[in-house]
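Please read the following report alongside the sequence and the three-dimensional structure shown here. The report takes up the sheet, then the helices packed on it, then one arginine and the charged pairs.

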Amino acid sequence: MGIFEFIKNIGKAVGIGNEAEEIQAEIQQKLAGQVEELTVTYAEGTVILTGTVADQAAREKAVLLAGNVQGVEKVDDRLTIRAPEPVFYTIQKGDTLSKIAREHYGDASKWKALFEANREVIEDPDLIYPGQRIRIPQDL
């Protein structure tokens, strides 16, 4: 994402010489389940973050947690966002978008979102056909 600048002497106090460990512990504690394989390095006022985060919000929070520490003036964000595996579905005889939404999301009313996610291949939500392939977004 890039390098972010912070005011060096403002923020949470951490032990001198333990900056990386304390920043890493705080990120892992506050973003539990949202960050994997986190590595934090600190040298001369710059924190480097590497690892994988669940989404953009977790990425931004990790940068802010690292930057709002006394002695940190820059955060070099090298985090990557974990992308969900794409899910594709082949329309079967008797399928409707409501039926597919109920099967995949547990909510038939999400058929509209399923339609919007597939507008390029479905021109009319009432005209789907067996054998047609659509994607099932995982972020609904």
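## The central strand pairing

In this predicted model, strand β3 (residues 46–53) and strand β4 (residues 74–81) run parallel and are joined by eight bridges. Two positions illustrate how the strands are matched: L49 has D77 of β4 as its bridge partner, and V53 stands opposite I81, also in β4.

The two strands also belong to a larger motif, since β3, α2 and β4 together make a right-handed β-α-β unit. The helix of that unit, α2, covers residues 56–67.

## The sheet as a whole

Four strands form an open sheet, in which the order is β1-β4-β3-β2 and the pairing is mixed. The edge positions are taken by β1 and β2 (35–43), and because each of them has a single partner strand, one side of each is left without a neighbour in the sheet. On average, and with direction ignored, neighbouring strands of this sheet are turned by 20° against each other. In general, the strands of a sheet pair through backbone hydrogen bonds, and the pairing can be either parallel or antiparallel.

Strand β1 (residues 2–5) runs antiparallel to β4, to which four bridges join it, and within this pairing F4 stands opposite V75 of β4. On the other edge, β2 and β3 also run antiparallel and are joined by seven bridges. Here T41 is placed opposite I48 of β3, while T39 is placed opposite T50 of β3. The hairpin that β2 and β3 form has two residues between the strands, and in this hairpin E44 takes a positive phi near 50°.

## Helices against the sheet

Helix α1 (residues 19–30) lies across β2 and β3, and its direction runs at about 155° to β2. Helix α2 packs on the sheet as well, where it touches β1, β3 and β4, and the direction of α2 makes about 155° with that of β4.

## The surroundings of R59

Which residues does R59 contact once its neighbours within four places in sequence are left aside? They are M1, V53, D77, L79 and I81. R59 itself has its place in helix α2, and two of these contacts, V53 and I81, are the residues that stand opposite each other where β3 pairs with β4. A further contact, D77, is the bridge partner of L49.

The side chain of R59 reaches the backbone oxygen of L79 at 2.5 Å. Although arginine carries a charged side chain, R59 has a relative accessible area of 12% and is therefore classed as buried, the cut-off for that class being under 20%.

## Salt bridges

Seven salt bridges are counted in the model. One of them is formed by the side chains of E26 and K30, with an N to O distance of 3.0 Å. These two residues are four residues apart in helix α1, so that about one helical turn separates them. The partners differ in how they are classed, because E26 is buried at a relative accessible area of 12%, whereas K30 is partly exposed at 48%.

Another salt bridge joins the side chains of R82 and E36, at 2.8 Å from N to O. R82 lies in the loop between β4 and β5 (88–90) and E36 lies in strand β2, so the pair ties together parts that are 46 residues apart in sequence. Both residues come out as partly exposed, R82 with a relative accessible area of 31% and E36 with a relative accessibility of 38%.

The side chains of D95 and K99 meet in a further salt bridge, for which the N to O distance is 3.6 Å. Within this pair D95 is buried, with a relative accessible area of 9%, and K99 is partly exposed, with a relative accessible area of 29%. Beyond the individual pairs, salt bridges that share partners join K12, E26 and K30 into one network.

Terms used:
Residues numbered from 1 in each chain as written. Predicted model: local features only at pLDDT ≥ 70, side-chain atom pairs only at ≥ 80, totals over all residues. Heavy atoms only, no water. Buried < 20%, exposed > 50% of the residue type's maximum accessible area, 1.4 Å probe, protein only. Polar contact = N/O pair within 3.5 Å; in protein donor to acceptor, adjacent residues only side chain to side chain. Contact = heavy atoms within 4.5 Å. Pairing = 2+ DSSP bridges. Right-handed = clockwise from strand over helix to strand, strands pointing away. Axes fitted to C-alpha atoms, helices over the stretch in contact; angles between N-to-C directions. Salt bridge = Lys/Arg side-chain N within 4 Å of Asp/Glu carboxyl O.
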